[in-house]
Amino acid sequence: MTAAEGTDAEPAGEATGEATGGTAAATAVETIQREMTIFARRARASAGRMHPELSLVSYTLLGHLEESGGCRTTDLAAHYALDKSTVSRQVSALERAGLVERRLDTDDHRVQVLHLTEAGRRILAQVTESRRAALRERLAHWPAEDLERFAGYLARYNAWPGHRPEDG
């Protein structure tokens, strides 16, 4: 059984009596990497079930546009450390779907800023609620203390200043 299949598993190394440090830490890092890969694969697979036309990448871009209040394509590319052409293709698809629109920057009319449309806000809200419901269901039997600890660890991991989005 993997750590993803159960919550009662002992941390790597403790079951074998290894001292905290080298080997236990290396084993834990391997387990974390494997489980994060499984998590990412499940997230990508479930994105299509949440909304057929909205990939995980599209959902992520829409979420950033909502959080930022709008931004340029180059800002999205820089934020996610992606090639501008990759982001441009994604944004074009979102525009064709009527989920984002370009508006002139109020400070610099040479610049176009991407914003969510009402349809984009609606779909983002629907997908966000579906994802939260799925998480609530999956974590329903976890004690509050475990949920708080898990949330704290994820926030701490993602807040690392040297983190690059392509690192996972």
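This report walks through the fold, the nonpolar core and a surface patch of the protein shown above.

**Overall picture**

Please keep in mind that this is a predicted model. The protein holds six helices and two strands, and read from the N terminus the elements follow the order α-α-α-α-β-β-α-α. Of its 168 residues, 24% count as buried. The protein exposes about 11,700 Å², and carbon and sulfur atoms supply 54% of that area. Among contacts with a separation of 6 or more, residues 24 or more positions apart account for 47%.

**The largest nonpolar core**

Let us turn to the interior. The largest nonpolar core has 19 residues, and those touching the most other members are Leu-54, Leu-62, Leu-65, Leu-76, Leu-94 and Val-100. The elements that give two or more residues to this core are listed here:

| Element | Residues |
|---|---|
| α2 | 56–68 |
| α3 | 73–80 |
| α4 | 84–96 |
| β2 | 112–116 |
| α5 | 118–139 |

Which element gives the most to this core? That is α2, with four residues.

**A nonpolar patch on the surface**

Now for the outside of the protein. Ile-32, Met-36 and Tyr-157 together make a nonpolar surface patch of about 260 Å². Met-36 belongs to helix α1, which spans residues 22–50. Why can Met-36 be part of a patch? Patch residues need over 30% relative accessible area, and Met-36 has 34%, so this residue passes that cut-off while counting as partly exposed.

Technical notes
Residues numbered from 1 in each chain as written. Predicted model: local features only at pLDDT ≥ 70, side-chain atom pairs only at ≥ 80, totals over all residues. Heavy atoms only, no water. Patch = residues over 30% accessible without salt bridge, like charges linked within 9 Å, V, L, I, M, F, W, Y side chains within 5 Å. Areas by Shrake-Rupley, 256 points an atom, 1.4 Å probe, with all protein chains shown as cover. Salt bridge = Lys/Arg side-chain N within 4 Å of Asp/Glu carboxyl O. Buried < 20%, exposed > 50% of the residue type's maximum accessible area, 1.4 Å probe, protein only. Core = buried A, V, L, I, M, F, W, Y, C linked by side-chain atoms within 4.5 Å. Contact = heavy atoms within 4.5 Å.
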